[in-house]
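Trainee: I should like to learn how to read a fold. May we look at an example together?

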Amino acid sequence: MMKSYFILAFLINSFSLYSQTIPAPYRLRTDLLLNTNKVTKNGSQTKESLESVTNQQGIYQFAKIFQEAPSFHWETLSAIKNVSAWRIILSSSLQNLEGNNGDYWDSKKTIGAHNRAIYAGKPLRSGNVYFWKVQVWDQHQQPSSFSLPQSFYLAENDSTDRISHFPLSTDIQYPVEMVKKNANTYFIDFGKDAFAKLQLNLTSAKKDSMWIEVGEGLASPQVLLTKGGSIRYKKIGILINQGTHDYNITWPPDEKRNLRNPILMPDYIGEVFPFRYLTIQNFSGRLEKNSVQRKMVYYPFNENASSFTSSDTVLNKVWDLCKYSIKATSFSGYYVDGDRERVPYEADALINQLSHYAVDAEYSMARRSMQYLIYHPTWPTEWSLQNVLLAWNDFLYTGDTLFLKKYYTELQKKMLMPLAESNGLISTLKNKQTTDFLQSIHITKAFDGKQDLKDIVDWPKTGAYIGTEKEYAGETDGFVFNTFNAVVNAFYYHNLVLMQKIASLLHYSEDAKGYAQKARQVYQSFQTVFKDPLTAYIKDGDSTTHSSLHANMFALAFGLIEKENIGKVVQYMKTRKMACSVYGSQFLLDALFDANEADYALGLMTSTAQRSWYNMIRVGSTISMEAWDILYKPNLDVNHAWGAAPANIIVRKLMGIEPLTPGASILQIKPQTGNLQYASLQTTTIRGNLSLTIDKKGQSNFYAIEIPGSVSANISLEYDQQKPTIYMDGKKMNILPQSGFFVFDRVPAGKHQWVMK
């Protein structure tokens with residue numbers, strides 16, 4: 001009898017345990033956008049409801065969804081190991097949604113381990129607001145409660161911008177320092193550079209005039225830099241009325257820049273100017289800190305989405321610089337090259353994209369930039385070849401095939417296959433850049449007066465200053481330009497590899513076979529034409545013996561160095577130091593970490609030499625710069641996010657977190673922290689937040705990892721000969737290292753710990 005009672009009690013408790021609902025999904029995305037219900041006015045958050053303002057678009061701004069069948073994403077807590085099914089309800093009113101009346105779509109319980117769905121209900125009508133929510137079932141078939149509702153606005157079909165996106169945001173900022181230099185002059189420091197507007201609240205006893213100066217740099221303490229190339233400075237006179245009044249400073253348009261067809265600011269924001277410092281002269285009234293407001297403009301950014309700290313104080317400062325750079329340079333809603341031109345460039349966009357994904361899981365700004373660049377390309381050959389890389393990253397991080405499907409034929413053209421010769425390699429110097437070819441990739445004579453593609457390798461190509469840290473002038477390490485260019489063809493090979501994957505994904509099987517065949521041909525020709533048979537180094541071109549850092553680092557980054565030669569090539573690359581620009585450093589660091597050269601790569605990121613990120617901080621910049629120093633590029637911008645590569649390198653390579661499968665359903669976690677004694681990272685993916693802490697200060701090496709819900713990870717932890725025994729979640733693991741790493745495949749969602757002793 002007693003035995004039967006215990007059995008019954010066990011069954012009741014088990015039923016009670018598994019009959020409870022699991023936590024609801026959260027952080028709902030519509031067409032990749034979070035918080036599509038938010039309403040702003042001229043960049044400031046309001047309390048207005050989305051449905052109440054759709055007929056007042058000249059006054060209020062909100063997210064625009066353009067896809068007639070939008071995608072929906074959601075996140076689950078790490079306690080949910082796997083999702084087995086989901087249900088979405090979408091309604092035309094909040095009342096219908098609350099009553100579970102999916103008058104437009106009720107997916108019912110749909111089997112699938114997903115955090116993503118594509119709308120499959122009745123046709124949505126543009127100009128309307130819709131409401132949706134989602135619930136999931138876990139691996140035990142237990143349901144969650146429904147998520148909180150989310151709403152979105154489906155934009156009208158006549159819009160010219162077809163990528164769903166947010167309006168720009170603003171923050172009101174006050175000075176961190178204000179110094180009264182004399183009776184009528186003030187010096188003000190906002191702490192960091194920002195693209196912004198300026199608002200003053202002034203009280204004057206009389207009608208008068210005064211001067212303001214704004215700028216990004218200082219010539220000496222409390223004296224603004226007025227002649228710094230493209231380091232921004234502006235002086236404006238202001239008429240002051242008697243009494244207390246607000247003054248909103250209007251920045252005049254940059255006519256020279258506007259001739260280059262830049263990205264223009266939307267009317268609801270108006271023109272912005274990058275500045276950190278402000279002086280006010282000839283003002284006889286009293287000035288308080290709260291009388292001076294800087295309104296920073298940026299694309300919506302979640303400051304709490306990522307954080308990083310380590311035992312290296314320089315690396316911590318580099319992270320802070322690069323993370324802030326991504327936010328500060330997002331002021332236009334597109335990835336632009338800085339303030340001098342405000343033009344999107346493909347190479348800038350690639351580094352922006354990866355870094356944006358690393359510091360804040362935001363995908364629409366990359367997509368807008370990608371779409372823009374399809375039809376507004378720039379002139380460097382390698383820049384065209386980065387369109388495919390951008391598109392592949394978009395798919396890998398989001399799992400969404402929309403962009404690939406829509407622009408597949410355009411991506412094919414951006415590969416520049418008509419420039420290929422019989423050996424499979426491409427060249428811009430074989431008279432194949434016909435008018436039809438250039439028009440097919442949307443190159444026109446209008447862009448900067450250039451009529452065709454030209455190989456770039458790195459930028460700038462020339463420059464007088466050499467110094468002790470590099471051998472050649474310019475940023476190309478003395479690259480010798482030949483008919484066939486090793487860097488161009490490394491990019492071309494990588495394009496073929498990625499397009500084979502894209503074609504297979506989209507079920508273009510014949511295309512996929514063709515790309516695979518061409519990739520094999522290019523690989524073999526690359527070895528024949530560019531590999532030095534005596535040294536195994538990669539030569540710059542087909543008719544030179546010179547081997548630059550660039551020829552070798554791009555070949556290594558894109559898988560063109562034969563395995564037995566990787567060690568030789570890496571050792572040669574080390575002799576070249578940081579002989580590339582801030583742009584080239586992205587590929588140099590990628591290549592080094594992939595070759596398990598963490599110590600050297602970390603040394604480059606934490607260097608305090610002139611060609612370093614620390615030097616950007618040392619010279620006073622708070623946003624990454626266009627070049628390592630003004631000595632290398634006298635007209636450099638100091639607000640140029642293509643210099644922010646460590647933002648993504650720290651996440652992707654140093655801490656080793658990258659998606660292995662589209663949409664990050666399986667992650668790779670392979671930290672290579674070199675001589676760091678401690679490092680802790682929080683980053684975010686489209687499936688949720690991930691944290692990783694590494695502590696090697698004591699007798700043991702300690703790793704703590706939290707994997708988001710419905711995600712698994714392949715984890716590789718560096719083997720330490722001094723601490724050869726490893727424990728996972730308190731259990732000793734009897735495994736051997738593989739190629740210098742302890743490897744754990746398909747570790748499920750949740751919190752896990754490893755200890756090496």
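Mentor: Certainly. Please bear in mind that this is a predicted model. Let us begin with a pair of strands: strand β6, residues 71-75, is joined to β10 by 3 bridges, and the two run antiparallel.

Trainee: Which residue in β10 stands opposite F72?

Mentor: The residue opposite F72 is A117.

Trainee: What is the order of the strands in the open sheet?

Mentor: The sheet has 4 strands, ordered β2-β1-β6-β10, with antiparallel pairing. The edges are held by β2 (33-34) and β10 (116-118); each has a single partner strand, so one side of each lacks a neighbour in the sheet.

Trainee: How should I read the nonpolar core?

Mentor: In soluble globular proteins, nonpolar side chains tend to be buried together. Here the largest nonpolar core has 196 residues, and W74, L90, I715 and W754 have the most contacts inside it. Helix α13, residues 486-505, gives the most to this core, namely 12 residues. There is also a second, separate core of 23 residues, which includes V214, Y247, F275 and I280.

Trainee: Is helix α18 mostly covered or mostly uncovered?

Mentor: To judge a helix, one counts its buried residues, where buried means under 20% relative accessible area. Helix α18 spans residues 598-605 and is mostly covered, as 6 of its 8 residues are buried. Those buried are A598, Y600, A601, L602, L604 and M605.

Trainee: Which helices do the buried residues of α18 pack against?

Mentor: They pack against α5 (313-328), α16 (566-575), α17 (582-594), α19 (613-618) and α20 (646-654).

Key. Residues are numbered from 1 along each chain as its sequence is written. This is a predicted model: local features need pLDDT of at least 70, side-chain atom pairs count only at pLDDT 80 or more; totals for chains, interfaces and linings use all residues. Side-chain values use heavy atoms; hydrogens and water are left out. A nonpolar core is a set of buried Ala, Val, Leu, Ile, Met, Phe, Trp, Tyr and Cys residues joined through side-chain atoms within 4.5 Å. Buried means under 20% relative accessible area, exposed over 50%, partly exposed in between (1.4 Å probe, protein chains only). Two strands pair if DSSP finds at least two bridges between them. Contact means heavy atoms within 4.5 Å.
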